[in-house]
Every structure is written in C-alpha cells, then in structure tokens.
Amino acid sequence: MKKVLIVTYYWPPAGGPGVQRWLKFVKYLPENGIDPIVYAPKNPHYPLKDASLEAEIPSGIKVLKKGIFEPYAFAGLLSKKDTETISSGIIPKEQKQGFLQKLMLFIRGNFFIPDARKFWIKPSVKNLSEYLKEHEIDTIITTGPPHSMHLIGLQLKKEMGVKWIADFRDPWTQIGYHSKLKLLSRSQKKHEGLEKEVLQTADKIITTSFTTREEFASKTNRPIEVITNGYDTEQVDKVRMDEKFSIAHIGSLLSGRNPENLWQALSELIRENEDFARVFQLKLVGAVGEPVLESIKKAGLKDWLVLKNYVSHLEALQLQRSAQLLLLIEIDSEETRGIIPGKLFEYMVSERPILAVGPEKADIQKIIQETNTGSYFLYSQKGQIKAFLQEKYELFKKGELRSFPIGLQQYSRRALAKKLANQIKQL
C-alpha cells in the first residue's frame, strides 16, 4: 500500500466539522490501497472538543503528535470569552467590538500570518523531514484552515521534493472573516503572496466547493479537484420525531448568518395561526451570535426558542433526525457562495426537508436542488420563505412531512475516499 502523510490541525478530541473530513478519509483510504499516517498537534487549543470522536479513530492508524505553541492560551488570560469567540470564527460587527476585541483582532491579523498556529511550522518541518526519510514516504497532504498547515507542506516540498496535495476546506484570502482581521496593507500582501506560492507549488489542489475551485483557477495552473465533504453511514438508533413543528439549526450560527426575513415570516405565521403558534418550536444547537439572538427576540420569537450548547457528533445526528425541518444558513455575501457546510450532507441523509437561506448562485443551492433535499431562498425572499413554511406545516399536520432525496451516494464518505485515493495514485 502507498504511504501518505496527512498534516492536520484538527483531530480528535477536536469537535466541530473541521475534524470530520479527515477522520472519515482515514477510515476509508486503506480500502483503496492508501496507508494514511496522521500528523497532528499534541497540546492544541481547540475551541470545541468532542471526546466521543476519539472512538472513531480506526484501529491500526498511525498518529504522530508534536507539541505546539498556542498564543491563544496566553490571550485567554486577558479574556477567555473573547479568545474562544475569535478562535472559533465568531467576530462581532465593528460597532459592537470592544477595545480588547479590536486589539486582539489586529494582533491576530497582523502578527500571526497566516494564523496563530504559525509557530508549529518550523518544528514540524524538522520533525517530519526526518520521519519521511526514515520511513521512505514521498507523498504528503496538508489540510487547512488553519492555512499554516499548507506552509508546512510548502517547506517540505522545497526541501525534499515530496509529492504534495493541498486540501482547502475553506478559501484563504476570500474566507468570510478575512476582511475583519484589521489587516495592514503589507499584511494583506503577505497573505496573498503566501496563498499564491502554495497554490503554484503544490502538485495538486483539492477544494470542497466549486466556487473555490473557480477562484483558485485564476491564481494557479496546477490541477484542481473538487472533493466535497460528505456523510457517513453511522448507526444511529431510531429516534422519535419531535411532536412539535420543530425547525432546527445544528451547529454554530455566527453573527453574519442572520436571516431576519425568516424570523419575520415565522412571527407572522404565529400571529396569523393559533394552531401554528401552539406547535411551533425553533431549536438552535451550538454557539449563537448575539446579533442573531437579538433579531429573533425582536421578531417576538423568544417564547418559541430553545437553545442548546454544543453537543457530541452522535447527539447532533440524533437531533437532525428528530427535527421536522432542518435550517441551513449561510452569510449573504459573494465571498460565501462557495461555502458548503459539512452538516449539509448529514442533513441530506436525515430524510428531513432542508430550509436553506444564503447568497445568490451558492454551491449549496445547486447541491440541494440536484438531490431534491429541500428548498433554497435568498435573504430577501420573505414571501417565498413564508409560503414554504406554510406548505411544510400542512404536511406536518397530515403526518406526511419528509424529504425524498435522489443521487446521494456520490456524497458518501466511502465514495469520496475512493475519489481521493485516485487523485493520490495519479501523482
């Protein structure tokens, strides 16, 4: 079997969607003639943890760990809340940022390029150079963000001439929060320079979205392949459906994801229909930005709102299957057209209809429509959203509310791992 070294920051006990992609690839790559060795930090600062994921690490998989210096640990001494908020990607609007938040964002953006994990690059390159030589491994994969992982790959490529695949789970300079980092012009140029060097040096680029592939194609002539995230066939005990007409969002709902017209449409249905008001419930599971909560309360939905903190991956799957409708929200921005949340694929196999709201020409719209798993709306389409909710509510009353997906197999983790293995073998 061909040995491949995978450099990743997120690995169990990390929680959240970032860890799922490579945890699942590692599970299925050996079926396709690839022997994965994982390299991850020994003492990382994960904003979310899910110890249950450690049980999903396949037996026999070699996992190398190296200590990492994390500036977030020191920032937490000043403000633990602000540190966790910023490190998880929740950045308040400019007018709502306090002095300490502004200072932390400025330091994060201008002193830690490309990110706060940059101090892991040099020791990792030294450590891995020796390991790759000793074990005769000539192929590596780096996955980001954090994009400092790609700089480890860049150095190993330069020093050792290894074959290198750079996997981008999110864009680099086009990611939504990049413009909020209070970058000086020289810092912005440094980010762009590093991004360009990675894109032009890696033997192959992988993106998780079609829009990111198009963006990168204008910056490099290296081959770019789209391998999306996907779903696995985890055994989830049969769950009891919510008796209420529940609309659930599973995962972080950051400040920019705030579909006020959706909240208003729900508010109107509550006022117009007493039966709807009796059975409706809005469930938000995970971190929720304060502006989102304010908008929901302003719309008069406080009494119908159920908040739940971060849950394990297994519990998230159970909540997805028990909800009547699943909510998927993306920031209304051209920069986010290519964001495809990992939970979309788990939503699609839950057999629950998806109500998605996001920007024009979004990749998630294409996937939802092609798989017949829900409906997609723009932020401005309050009337259409309200009509969709009314339609699904009528089906709920009849006990007929479900989705009828088609063509989902292409998004299974097993199928995606086979596609990845073929890309590795072509190097």
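Ile-107 counts as partly exposed, at 31% relative accessibility. This residue belongs to a nonpolar surface patch in what is a predicted model. Elsewhere, the chain builds an open sheet of 7 strands and an open sheet of 6 strands. A search of the whole structure finds 23 salt bridges.

**Nonpolar surface patch**

- Ile-107 lies in helix α4, which spans residues 99–111.
- Leu-103, Ile-107 and Phe-111 together form the patch on the surface.
- Their combined accessible area is about 260 Å².
- In an α-helix, residues three or four places apart point the same way, because there are 3.6 residues a turn.

**The sheet of 7 strands**

- The strand order is β3-β2-β1-β4-β5-β6-β7, and the pairing is parallel.
- β3 (62–66) and β7 (224–226) are the edge strands, each pairing on one side only.
- On average, neighbouring strands of this sheet are turned by 25° against each other, direction ignored.
- Strand β2 (residues 34–41) runs parallel to β3, and 5 bridges join the two.
- Within this part of the sheet, Ile-37 stands opposite Lys-62 in β3.

**Helix α8 on that sheet**

- Helix α8 (residues 210–217) lies across β5 (163–168), β6 (204–207) and β7.
- The helix runs at about 170° to β7.
- Phe-210, Thr-211, Thr-212, Glu-215 and Phe-216 are buried in α8.
- Their cover includes three strands of the sheet, β5, β6 and β7.
- Two helices also contribute to that cover: α7 (185–201) and α14 (363–371).

**The sheet of 6 strands**

- Here the order is β10-β9-β8-β11-β12-β13, again with parallel pairing.
- β10 (305–308) and β13 (374–378) each have a single partner strand, so one side of each is left without a neighbour in the sheet.
- Neighbouring strands of this sheet are turned by 20° against each other on average, direction ignored.
- 4 bridges join β9 (residues 280–285) to β10, and the two strands run parallel.
- Leu-282 stands opposite Leu-305 in β10.
- Helix α14 packs on this sheet, where it touches β11 (325–329), β12 (354–358) and β13.
- The direction of α14 makes about 150° with that of β13.
- α14 therefore has two roles in the packing described here: it touches strands of this sheet, and it is part of what covers the buried residues of α8.

**A buried loop residue**

- Asn-32 is found in the loop between α1 (17–28) and β2.
- Asn-32 is buried, because its relative accessible area of 15% falls under the 20% cut-off.
- Leaving aside neighbours within four places in sequence, Asn-32 is in contact with Ala-417, Lys-418, Ala-421 and Lys-425.

**Salt bridges between distant parts of the chain**

- Side chains of opposite charge can pair when their charged atoms come close.
- Asp-232 and Lys-27 meet through their side chains in a salt bridge of 2.9 Å, N to O.
- This pair links distant parts of the chain, 205 residues apart.
- Asp-232 sits in the loop between β7 and β8 (245–250), while Lys-27 is in helix α1.
- Asp-232 is buried at 7% relative accessible area, whereas Lys-27 is partly exposed at 36%.
- Both residues belong to a network of salt bridges that also includes Lys-24 and Glu-56.
- Lys-158 and Glu-197 form another salt bridge, at 2.6 Å, N to O.
- This pair joins helix α6 (residues 148–160), home of Lys-158, to helix α7, home of Glu-197.
- Lys-158 and Glu-197 are 39 residues apart.
- Lys-158 is partly exposed, with a relative accessible area of 49%.
- Glu-197 also counts as partly exposed, at 27%.

**A salt bridge within one helix**

- The side chains of Lys-397 and Glu-394 meet in a salt bridge of 3.3 Å, N to O.
- Both residues lie in helix α15 (residues 382–398).
- They are 3 residues apart, about one turn of the helix.
- Lys-397 is partly exposed at 48% relative accessibility, and Glu-394 is partly exposed at 30%.

Technical notes. Residues numbered from 1 in each chain as written. Predicted model: local features only at pLDDT ≥ 70, side-chain atom pairs only at ≥ 80, totals over all residues. Heavy atoms only, no water. Pairing = 2+ DSSP bridges. Axes fitted to C-alpha atoms, helices over the stretch in contact; angles between N-to-C directions. Contact = heavy atoms within 4.5 Å. Buried < 20%, exposed > 50% of the residue type's maximum accessible area, 1.4 Å probe, protein only. Patch = residues over 30% accessible without salt bridge, like charges linked within 9 Å, V, L, I, M, F, W, Y side chains within 5 Å. Areas by Shrake-Rupley, 256 points an atom, 1.4 Å probe, with all protein chains shown as cover. Salt bridge = Lys/Arg side-chain N within 4 Å of Asp/Glu carboxyl O.
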